[in-house]
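Here is a set of exercises to work through with the model open. Try each task before you read its solution.

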Amino acid sequence: MINTAYITHSFCGLHNMGDYHPESPHRLAAINDRLIASGLINYLIPHEATEANIEHLERVHSQEFIQSIIAAAPKQGLHHIDDDTVMNSHSLQAALCGAGAGVMAVDLVMKQLANSVFCAVRPPGHHAEHHRAMGFCFFNNIAVAAAHALEHYQLERIAIIDFDVHHGNGTEDIFRHDTRVLYCSTFQHPFYPYSGSDTKNEHIFNYPLPAGSDGAYMQSIMTQNALPIIDEFAPQLILISAGFDAHKLDPLAHLRWVESDYVWLTQQLQALSFKHSDGRIVSMLEGGYDPDALGRSVNEHIRALLEG
């Protein structure tokens with residue numbers, strides 16, 4: 001088996017945006033329960049996330065924005081950043097741990113302490129732009145991880161693959177002008193955040209998917225388009241914005257993927273990572289809002305990482 005690390009933190013389970021909010025602590029509990037039931041938890045290298053510091057965040061977010069999020073954190077009750085992005089008294093620590101998990105994960109793979117890493121963190125991050133929180137996201141976890149790899153390890157080519165059902169507008173915004181980062185995203189369209197379908201950029205490749213399409217359709221798009229582009233780019237590190245809300249049971253979207261589709265996609269990306277980057281993969285949780293489907297999908301994603 002491949003050495004696969006698993007990063008999380010109890011703070012990520014304390015962030016709560018309200019009893020009926022779909023991005024709930026039950027998501028991490030469902031993942032943990034499934035990993036225990038399957039026995040995969042016994043093969044993972046556990047790590048507790050450390051908080052990102054201001055320097056990590058300033059690589060991808062403006063100082064003004066970072067300070068606004070810190071200032072907005074309530075001591076009690078809830079504070080709305082927008083209609084569906086809400087902070088409680090634990091949200092700031094959870095967001096810092098989510099971003100910090102990405103930094104820790106990059107360190108683990110770059111120092112050869114793990115081949116691959118899955119970060120079971122929340123809040124998610126890929127909607128957070130350079131100067132704006134939105135879509136359940138405060139800090140852009142995957143962008144923080146990528147920027148750390150670029151700055152600290154002087155990498156020249158990083159690929160971010162985002163298979164969340166929603167377009168990662170924040171990640172695209174942050175790396176729009178940085179050709180060291182190849183960004184490939186599949187997402188339902190038209191759909192929130194109603195972006196990405198008209199992107200014209202030499203290092204950003206978006207693949208809008210129609211509502212009702214299944215995993216076979218995704219696989220054909222990836223095989224014909226994204227995977228050859230990633231292969232040609234020859235990334236020194238592969239990062240995954242791992243959203244599982246394209247699953248057919250997810251209540252917030254309308255695609256029809258199943259667990260085997262996530263296995264297939266993970267295997268394709270892992271093959272490219274062994275070809276170009278010594279097997280280095282960092283995968284960070286984004287969406288997925290049916291707890292049972294999320295738990296099963298993450299379990300199979302991690303199983304594929306472990307099996308190499």
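Where does proline 193 lie? Proline 193 sits in the loop between β7 (181-188) and β8 (204-209); helices (H or I, at least four residues) and strands (E, at least two) are DSSP runs, numbered from the N terminus.

A bit of housekeeping before the rest. This is a predicted model, where local features need pLDDT of at least 70, side-chain atom pairs count only at pLDDT 80 or more, and totals for chains, interfaces and linings use all residues. Residues are numbered from 1 along each chain as its sequence is written, and side-chain values use heavy atoms, with hydrogens and water left out.

**Exercise 1. Describe the overall build of the chain.**

Step 1: take stock of the secondary structure. The protein chain has 10 helices and 10 strands.

Step 2: check how compact it is. The radius of gyration (taken over C-alpha atoms) is 17 Å, close to the 19 Å that the globule rule gives for 308 residues, so the protein chain is as compact as a globular protein of that length. That rule is 2.2 Å times the number of residues to the power 0.38.

Step 3: get the extents. The C-alpha trace spans about 50 × 40 × 40 Å along its principal axes.

Step 4: look at burial and contacts. Of the 308 residues, 60% are buried, where buried means under 20% relative accessible area, exposed over 50%, and partly exposed in between (1.4 Å probe, protein chains only). Contact means heavy atoms within 4.5 Å. Among contacts between residues at least 6 apart in sequence, 74% join residues at least 24 apart.

Step 5: add up the charges. There are 17 positive and 35 negative side chains, and the centres of the two sets lie 3 Å apart. Lys and Arg count as positive and Asp and Glu as negative, while His and the chain ends are not counted; each charge is placed at NZ of Lys, CZ of Arg, CG of Asp or CD of Glu.

**Exercise 2. Find the main nonpolar core and look around one of its hubs.**

Step 1: set the rule. A nonpolar core is a set of buried Ala, Val, Leu, Ile, Met, Phe, Trp, Tyr and Cys residues joined through side-chain atoms within 4.5 Å.

Step 2: apply it. The largest such core has 96 residues, and Ile7, Val117, Ile160 and Leu239 have the most contacts inside it. Helix α5 (residues 91-110) supplies the largest share, 13 residues. As background, nonpolar side chains tend to be buried together in soluble globular proteins.

Step 3: zoom in on Val117. Skipping residues up to four places away in sequence, Val117 touches Ala5, Ile7, Ala105, Leu108, Val109, Ile281, Val282 and Ser283.

**Exercise 3. Track down the unusual backbone geometry.**

Step 1: cis peptide bonds. Tyrosine 192 and proline 193 are joined by one, with omega about 5°. Arginine 122 and proline 123 are joined by another, with omega about 5°. Proline 123 belongs to the loop between β5 (116-119) and α6 (141-152).

Step 2: positive phi outside glycine. Glutamine 112 has a phi of about 60°, lies in the loop between α5 and β5, and is exposed at 67% relative accessibility. Aspartate 278 has a phi near 55°, is found in the loop between α9 and β10 (281-285), and is exposed, with a relative accessible area of 56%.

**Exercise 4. Work out the surroundings of two loop residues, histidine 166 and glutamate 286.**

Step 1: place histidine 166. This residue is in the loop between β6 (158-162) and α7 (169-175), and at 9% relative accessibility histidine 166 counts as buried.

Step 2: list its partners. Beyond four places in sequence, histidine 166 touches His126, His127, Phe187, Phe191, Tyr192, Pro193, Asp245 and Leu252. Proline 193 from the opening question is among them.

Step 3: place glutamate 286. It is found in the loop between β10 and α10 (291-307) and is buried, with a relative accessible area of 1%.

Step 4: list its partners too. Apart from neighbours within four places in sequence, glutamate 286 is in contact with Arg27, Pro124, Gly125, His126, Ile142, Asp164, Ser241, Ala242 and Gly243. So what about distance along the chain? The C-alpha atoms of glutamate 286 and cysteine 119 are 167 residues apart in sequence and separated by 9.7 Å.
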